[in-house]
Structures are given as structure tokens and as C-alpha cells.
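Dear colleague,

I am handing over the structure we spoke about, which you will find just below. Please look through it alongside the notes that come after it.

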Amino acid sequence: MIASPIDATSTPAWTALTAHRDELKSGGFHLASAFGTDPARADRFTLTAADLRLDLSKNLIDSTTMRLLVQLAEQVGLPGRIEAMFTGQHINTTEDRAVLHTALRADDAAPSLEVDGQDVRKDVRNELAKIDAFARAVRQGEWRGVSDRPIDTVVNIGIGGSDLGPAMAYQALSAYHGPIRAHFVSNVDPSDIADTLATLDPQTTLFIVASKTFGTLETLTNARLARNWLLAELKAQGAIGGGETEERKAISRHFVAVSTALDRVKAFGIDPSGVFGFWDWVGGRYSVGSAIGLSLAVTLGPEVFAEFLAGFAAIDQHFRTTPLERNVPALMGLLNVWYVNFWDARSHAVLPYCQHLARFPAYLQQLTMESNGKSVRWDGSPVTSATGEVFWGEIGTNGQHAFYQLLHQGTQLIPADFIAFAQPAAALVDGDQDVHDLLLANFVAQTAALAFGKPASQVRAEGTAEAIVPARVFPGNRPSTSIMADALTPGTLGQLIALYEHITFTQGTVWGIDSFDQWGVELGKQLATQVTPALAGDAAAIASLDASSRSLVQYVRAARAAKA
Ligand code: F6P
């Protein structure tokens with residue numbers, strides 16, 4: 001039985017944090033003076049977790065802030081919640097499920113774990129062995145297409161957690177790409193699959209239909225389109241005849257599935273031997289370390305996938321065992337609470353100075369916002385404070401030439417996470433200049449500009465005309481965290497993802513939120529099933545719509561009729 005959440009806003013730590021924030025504000029706290037008066041500040045607020053180095057010193061904090069935030073974590077019972085998660089208690093209360101994505105990547109030394117009568121470690125080991133064997137068979141050309149040609153392309157068909165994780169990681173680890181290439185199709189906009197299929201050879205393509213529920217409209221529609229395309233193209237190329245047996249054989253060589261719903265996969269026509277399973281205790285957005293990562297194991301290799309999982313495990317271990325005072329995911333989650341609830345931040349920027357992490361902000365949007373974008377707590381009672389800030393971002397330096405203006409001089413406080421690596425993924429020198437140094441110089445410079453700004457006195461000293469001095473002042477005191485590692489490897493990528501998973505969990509715990517359900521996505525899905533027949537012209541369905549929706553549907557119908 002999961003206890004009701006403790007209301008963070010009625011804890012002594014919350015009251016103390018409110019007073020502390022007021023003191024910082026009235027005392028004119030500024031990062032420039034905080035660094036000026038404390039030469040040890042950078043060292044004191046720089047922490048490590050596995051291979052990650054986290055510099056928290058450019059945040060609006062002092063030692064009192066961190067002490068009070070740790071007290072807040074203790075007073076809302078974060079340590080107990082962490083243990084409850086790792087030991088398989090049903091902390092996903094609205095779905096009555098355990099939350100065990102950490103079990104997907106536990107190392108062999110982890111103690112046995114039985115949950116709901118299931119030997120979790122054994123199940124995970126067996127599934128990993130199956131993924132490993134399949135990935136090797138495809139990579140070594142033992143698993144072949146129906147015309148006996150080896151597979152050179154994998155198409156992952158999935159959406160949300162069944163797409164964003166593998167798609168992001170595939171791009172992030174492009175230094176590890178081999179001869180088998182991956183594509184990711186998610187959107188039900190027919191252009192998505194059409195654009196992808198147009199480039200493919202059906203005889204050497206393997207489709208992975210990834211869907212936890214195997215009931216997601218977008219994924220099933222795209223999977224059907226892919227199946228129809230495959231059969232039609234194979235026939236047109238003379239690779240198969242028209243009989244049902246040959247079609248079934250083609251599907252069994254060119255389609256596998258990843259799902260928890262084996263009966264639905266079978267009904268779709270995928271052979272049960274080509275189904276990779278996972279469990280209801282893995283949430284979609286926490287599932288990239290499960291069989292949902294099959295496309296990664298096949299294209300990057302099972303060894304790379306194992307290193308990726310080991311990265312997650314290192315941060316899991318850190319989160320579970322490190323005292324709160326040095327527990328990086330806990331402290332970063334608490335800092336996010338500090339900004340949302342005490343400084344009214346409503347969004348959080350994620351700025352990777354790494355081209356290959358271009359999809360990381362999109363990945364984080366699902367992780368954080370589907371987890372914590374909620375107004376009720378895990379016992380059904382209303383939340384007692386603001387929750388769920390908007391996560392967004394773009395790779396540096398592109399963002400600098402787009403929206404950083406607002407970060408530097410706008411009226412909103414937007415905490416930012418900067419992510420960068422000491423080593424380049426691609427080493428290039430322009431003349432004597434290491435191009436990666438230019439990237440890193442921008443990363444460091446931006447965090448400094450945000451923190452320290454540029455006062456009017458300096459702007460004037462540069463000879464600026466008085467009338468435009470105000471426009472050229474940078475107020476500074478804008479918080480950022482710098483996350484660094486030596487290089488973007490499978491291991492550090494796993495660490496980075498696990499870091500944000502546990503940051504998200506920490507925030508959810510303070511807010512009393514079930515960070516593992518997502519009821520807010522259901523209504524739109526339901527209504528779409530009513531709109532579809534209306535678009536097709538069903539009079540009763542059109543009449544059942546509200547006036548605005550009806551006029552949208554009528555506009556589409558009229559535009560199409562005019563074209564026809
Ligand atoms: O609609 C949201 C969602 O349920 C996500 O939580 C999930 O990751 C995604 O859809 C895909 O779900 P499935 O893997 O079941 O197709």
C-alpha cells in the first residue's frame with residue numbers, strides 16, 4: 001500500500017526555502033558577486049556522477065539553499081520513494097504497477113528481485129539474451145530476407161517512447177553506425193512513411209514494429225502500410241508469388257515486433273518467434289533500455305547496447321546509494337523544484353553543444369512533460385503547487401542565433417542545462433584551429449554571459465551612445481547547469497538519460513505526482529476516433545461535433561471536393 005503523498009508546501013523546509021528565497025532577493029543576490037566573494041564556489045558546487053561532471057555553481061544558490069533543498073527531499077520522503085521504486089513497489093498507483101526500468105539495466109551482481117511473483121532478473125536476462133542472439137543473426141547475415149539477401153536496413157515503426165528513445169540514441173551514437181542503417185517512422189502523416197519507403201529495398205529491409213500496447217493508432221496504421229508496401233514490392237520484383245503461404249513467409253522474414261501484448265501482435269500476423277517482450281512495469285518513455293532498443297542492438301551491435309545499459313546502471317547505482325548532499329539527480333531535481341516553485345520558472349531549456357544530441361531535447365520533452373505535467377497527486381488529490389515546467393531546447397550553437405536573445409535579456413527566468421563533451425565526435429582542424437574548440441568556447445561563454453551579464457558601466461566604458469545603453473545591458477544572474485563528460489559514448493549517453501529519468505522522478509516525488517502514468521493523452525485519442533468518420537463524410541459524425549470542429553472538418557471536405 002503506497003502512502004499518500006506528503007504535502008511539500010506544508011513542510012518546515014518549504015517554509016524555510018520561501019524565507020530564504022526572500023532573503024536572497026532582498027539581499028540582491030547576484031551570481032557575479034557570489035563568485036566574486038567566494039573563490040571556492042565553482043569547486044564547492046561541482047559534483048560527479050559516474051563519468052558525468054556537473055557544475056551547479058552558476059545556479060541561484062548558496063550553501064543554505066542546498067541544505068534546505070536536501071531537507072525538503074527528506075521531509076517528503078524521497079529516500080523511501082527511491083527504495084520503493086528500486087524494489088518494485090507499485091508506485092505507479094493509478095495503474096497499480098511497479099516501476100522497474102532500473103531492472104532492465106541492473107548488472108549481474110544486483111540482488112535477486114521478485115515482483116508480483118515474477119523473477120525480474122531472470123526475465124530481463126532471458127530477453128536480453130534473445131535480443132543479443134537476434135542482433136547477431138541479422139548482423140552476421142544469418143537472418144535473411146525472403147529472397148535470401150542479408151538485411152541492410154531496419155525501420156523502427158513506433159511513436160512516443162517506442163520511437164523517441166531509439167531515434168535519439170541512434171543519432172547520438174552515429175560514430176558507432178555500421179553497415180546496417182536504421183530509419184524511424186512515427187507520425188501518422190502519410191508523408192512520414194512514404195518518404196522513408198521511397199528510399200528502401202524491400203528485399204533487404206527489416207521492419208521492427210515497436211508498441212508496448214500494440215494498440216496505438218499511428219503505429220498500427222504505419223505497420224499496415226509497411227506490410228502492404230512490402231508484399232506489393234516483393235511481388236512486383238518477383239521475389240515472392242501471390243500465395244498466402246509466401247506472403248506469410250515474407251512477413252515472418254521482414255517483420256518483427258516489440259510489445260507487451262503478444263495476442264495483438266499475433267493478430268497482426270507477426271510470427272510469435274519474432275516477438276520481443278517487455279513488461280507492464282516499464283513505462284513507454286522509460287523503455288529505451290528494454291527490447292524497445294532492438295533497433296539499436298541490431299544497427300550498433302549488442303556490445304554497444306550492453307555498454308549503453310551499463311551507463312544507465314552506473315547512474316541508477318549513484319541515485320540509489322549516494323547521500324542526498326552529493327546525489328546529482330536528486331539535487332538537480334530539487335533545483336528544478338527551486339526554480340518552478342520559488343522563482344516561478346515555467347520552462348527549462350536543454351542546450352546540447354553536440355550535433356549528435358539534436359534529438360535529445362525532444363526525447364526529454366516526453367520524459368519530463370508526460371511524467372510531471374499533472375494537476376493531481378498520486379492519491380487523486382489536487383497538487384498543492386505548480387508542477388511540470390515546459391522542457392525545450394535546441395543544439396548550440398544554432399540556438400544562439402535564434403532564441404538566446406530571450407534567455408539573456410527577456411523577462412522570464414529560464415534555467416538552462418548546457419551539455420558538452422571534451423572530445424569531438426568528428427575531429428576537424430581549420431588551419432591551426434581545432435573546430436571543436438570553437439564549439440566549446442561558445443558553450444562556456446554562454447554560461448558566463450547568462451550568469452555574469454554586462455553592467456551599464458561596462459557598456460558605457462565601451463563608448464556606447466547613452467540612448468542605447470539600456471538595450472545593450474545584460475542583467476546576468478540567469479541560472480545554468482553545465483553537464484560535461486569526456487566524450488559522447490554509449491556509456492555516457494546511458495548515464496545522461498538515466499540522470500534525467502531520476503531528476504524527473506525526484507521532482508514528481510516532491511510534487512506528490514505519479515510520474516509513470518499518462519492519462520492526459522487519452523481524450524484526444526478518443527475524440528480522434530469520432531472525427532475520422534466525420535472527415536469521411538458520415539453525416540451523424542459531422543453533426544455530433546462542436547461548431548468549431550465541424551467547421552474545420554467542413555473546410556477540409558470542401559477543399560478536397562474543389563480539388564476533385
Ligand atoms: O500516447 C502516449 C503514449 O501512450 C506514450 O506514453 C507511449 O510512449 C506512446 O503512446 C506509444 O505507446 P505504445 O508503445 O503502446 O505504442
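What follows is a description of two sheet regions, one helix pair and one serine.

Please bear in mind throughout that this is a predicted model.

I begin with the open sheet, in which six strands are arranged in the order β1-β2-β15-β12-β10-β11, with mixed pairing. The edges are taken by β1 (46-49) and β11 (390-393), each of which has a single partner strand, so that one side of each is left without a neighbour in the sheet. From one strand to the next, the twist averages 20 degrees. At the β11 edge, strand β10 (residues 347-352) runs parallel to β11 and is joined to it by four bridges, with H348 standing opposite F391 in β11. Helix α15 (residues 360-372) packs on this sheet, where it touches β10, β11 and β12 (416-421), and its direction makes about 175 degrees with that of β11.

Strand β15 (residues 480-485), which belongs to the same sheet, contains S482. This serine has a relative accessible area of 9%, and because that lies under the 20% cut-off, S482 counts as buried. Apart from its neighbours within four places in sequence, S482 is in contact with R53, L54, D55, F418, F443 and T447.

Turning to strand β5 (residues 153-157), I find that five of its five residues are buried. T153, V155 and I157 point one way from the strand, whereas V154 and N156 point the other way, and all of them are buried. Strand β5 is joined by five bridges to strand β6 (residues 181-185), and the two run parallel, with T153 standing opposite R181 in β6. Between these two strands the chain passes through helix α7 (residues 164-172), in a β-α-β crossover that is right-handed. Five bridges also join β5 to strand β7 (residues 205-210), again in parallel, and here V154 stands opposite L206.

The last feature is a helix pair: α4 (residues 63-75) and α14 (residues 328-342) pack at an angle of about 100 degrees, with their axes 10 Å apart. The two helices are therefore roughly perpendicular to each other. On the α4 side the contact involves T65, M66, L69, V70, L72 and A73, which meet L331, L334, L335, V337 and W338 in α14. By class, this contact has 10 nonpolar residues and one polar residue, with no charged residues.

With best regards

Definitions and conventions: Residues numbered from 1 in each chain as written. Predicted model: local features only at pLDDT ≥ 70, side-chain atom pairs only at ≥ 80, totals over all residues. Heavy atoms only, no water. Buried < 20%, exposed > 50% of the residue type's maximum accessible area, 1.4 Å probe, protein only. Contact = heavy atoms within 4.5 Å. Axes fitted to C-alpha atoms, helices over the stretch in contact; angles between N-to-C directions. Parallel < 35°, antiparallel > 145°, perpendicular 65-115°, else oblique. Nonpolar A, V, L, I, M, F, W, Y, C, P; charged D, E, K, R; others polar. Pairing = 2+ DSSP bridges. Right-handed = clockwise from strand over helix to strand, strands pointing away.
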